[in-house]
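Me: I have a structure open and would like to learn how to read its features step by step. Could you take me through it, giving the general idea and then the case at hand?

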Amino acid sequence: MSIARWWRNTWARFGPRRCLIVIEGDSLPQRMPRRDLVLARDDGEDWCVGMLCPCGCGDVIELLVIEEATPRWDIVVDERGRPSLSPSVWRQKGCHSHFWVQNGRVEWCN
């Protein structure tokens with residue numbers, strides 16, 4: 001295992017957890033938070049979760065959570081505000097990262 005991968009996995013396991021920020025509107029903010037996930041809600045309906053790719057490439061990941069979307073993700077938030085996403089996020093372009101978000105932590109798929 002490379003040093004970079006070891007450090008990434010260690011930081012994901014022991015570093016601070018991600019939180020969920022809820023915004024009202026039909027688009028994600030121009031400037032995304034460095035660690036936290038953003039849930040966009042329009043007219044009371046959740047439609048999209050956005051986050052910066054946790055690999056550090058700087059790309060914004062946008063995941064649809066509305067029932068009609070394919071593919072779509074489910075988001076669950078625990079009592080401390082820590083989000084979990086399912087299914088996993090697997091980027092087909094760019095960095096090709098593959099990971100889960102579980103209780104505010106990124107769990108990398110190897």
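**Reading a predicted model**

Reply: Asp 59 counts as partly exposed, because its relative accessibility is 31%, and partly exposed is the class between under 20%, which is buried, and over 50%, which is exposed. Please keep in mind throughout that this is a predicted model.

Me: Where along the chain is Asp 59 found, and which residues is it in contact with, leaving aside its neighbours within four places in sequence?

Reply: Two things can be read for a residue, namely its place along the chain and its partners in space. Asp 59 sits in the loop between E3 and E4, and its contacts beyond four places in sequence are Met 51, Leu 52, Cys 53 and Arg 91. A separation in sequence can also be set beside a distance in space: Asp 59 and Gly 94 are 35 residues apart along the chain, while their C-alpha atoms are 8.3 Å apart.

Me: How many helices and strands are there in the chain, and how do the elements run from the N terminus on?

Reply: A list of elements gives us a map to which single residues can be pinned. This chain has 1 helix and 9 strands, and the order from the N terminus is α-β-β-β-β-β-β-β-β-β.

Me: What radius of gyration does the chain have, and what would a compact globule with 110 residues have?

Reply: Here we set a computed value beside an expected one. A compact globule of 110 residues would have a radius of gyration near 13 Å, and the chain has 14 Å, so the two agree. The C-alpha trace, taken along its principal axes, spans about 45 × 30 × 25 Å.

Me: What share of the residues counts as buried, and what does the exposed surface consist of?

Reply: Burial is counted by residue, whereas surface is added up as area. Of the 110 residues, 35% count as buried, and the chain exposes about 7,100 Å², of which carbon and sulfur atoms supply 51%. Charges can be summarised too: the 15 positive and 15 negative charges have mean positions that are 15 Å apart.

Me: How many residues does the largest nonpolar core have, and which of them have the most contacts inside it?

Reply: To read a core, we look for its size, its best-connected members and the elements that supply it. The largest nonpolar core has 16 residues, and Ile 61, Leu 85, Val 89 and Phe 99 are those with the most contacts inside it. At least two residues of this core come from each of strand E2 (37-42), strand E3 (45-52), strand E4 (60-64), strand E8 (98-102) and strand E9 (105-108). Another core lies apart from it and has 6 residues, among them Val 38, Ala 40, Trp 47 and Cys 48. Returning to Ile 61, its partners more than four places away in sequence include Val 49, Met 51, Val 89 and Phe 99.

Me: Is a loop residue such as Ser 97 buried or exposed?

Reply: Place along the chain and accessibility are read separately, and Ser 97 is a good case for practice. Ser 97 lies in the loop between strand E7 (89-90) and E8, yet it counts as buried because its relative accessible area is 6%, and the cut-off for buried is under 20%. Leaving aside neighbours within four places, Ser 97 touches Cys 53, Cys 55, Val 89, Trp 90, Arg 91 and Trp 108. Ala 69, in the loop between E4 and strand E5 (74-77), is likewise buried, with a relative accessible area of 11%.

Me: Which peptide bonds are cis, with omega near -5° or near 0°?

Reply: For this feature we read the omega angle of the bond between two residues. The bond from Thr 70 to Pro 71 is cis, with omega near -5°, and Pro 71 lies in the loop between E4 and E5. The bond from Ser 86 to Pro 87 is also cis, with omega near 0°, and Pro 87 lies in the loop between strand E6 (83-86) and E7.

Me: Where is Asp 43 found, and what is its phi?

Reply: Phi is another backbone angle, and here we look at its sign. Asp 43 is found in the loop between E2 and E3, and its phi is near 55°, a positive value in a residue other than glycine. Asn 103, in the loop between E8 and E9, has a positive phi of about 50° although it is not a glycine. As for accessibility, Asp 43 is exposed, because its relative accessible area is 74%, whereas Asn 103, at 36%, counts as partly exposed.

Methods:
Residues numbered from 1 in each chain as written. Predicted model: local features only at pLDDT ≥ 70, side-chain atom pairs only at ≥ 80, totals over all residues. Heavy atoms only, no water. Helix = DSSP H or I, 4+ residues; strand = E, 2+ residues; numbered from the N terminus. Rg over C-alpha atoms; globule rule 2.2 N^0.38 Å. Buried < 20%, exposed > 50% of the residue type's maximum accessible area, 1.4 Å probe, protein only. Areas by Shrake-Rupley, 256 points an atom, 1.4 Å probe, with all protein chains shown as cover. Lys, Arg positive; Asp, Glu negative; His and termini not counted. Charge placed at Lys NZ, Arg CZ, Asp CG, Glu CD. Core = buried A, V, L, I, M, F, W, Y, C linked by side-chain atoms within 4.5 Å. Contact = heavy atoms within 4.5 Å.
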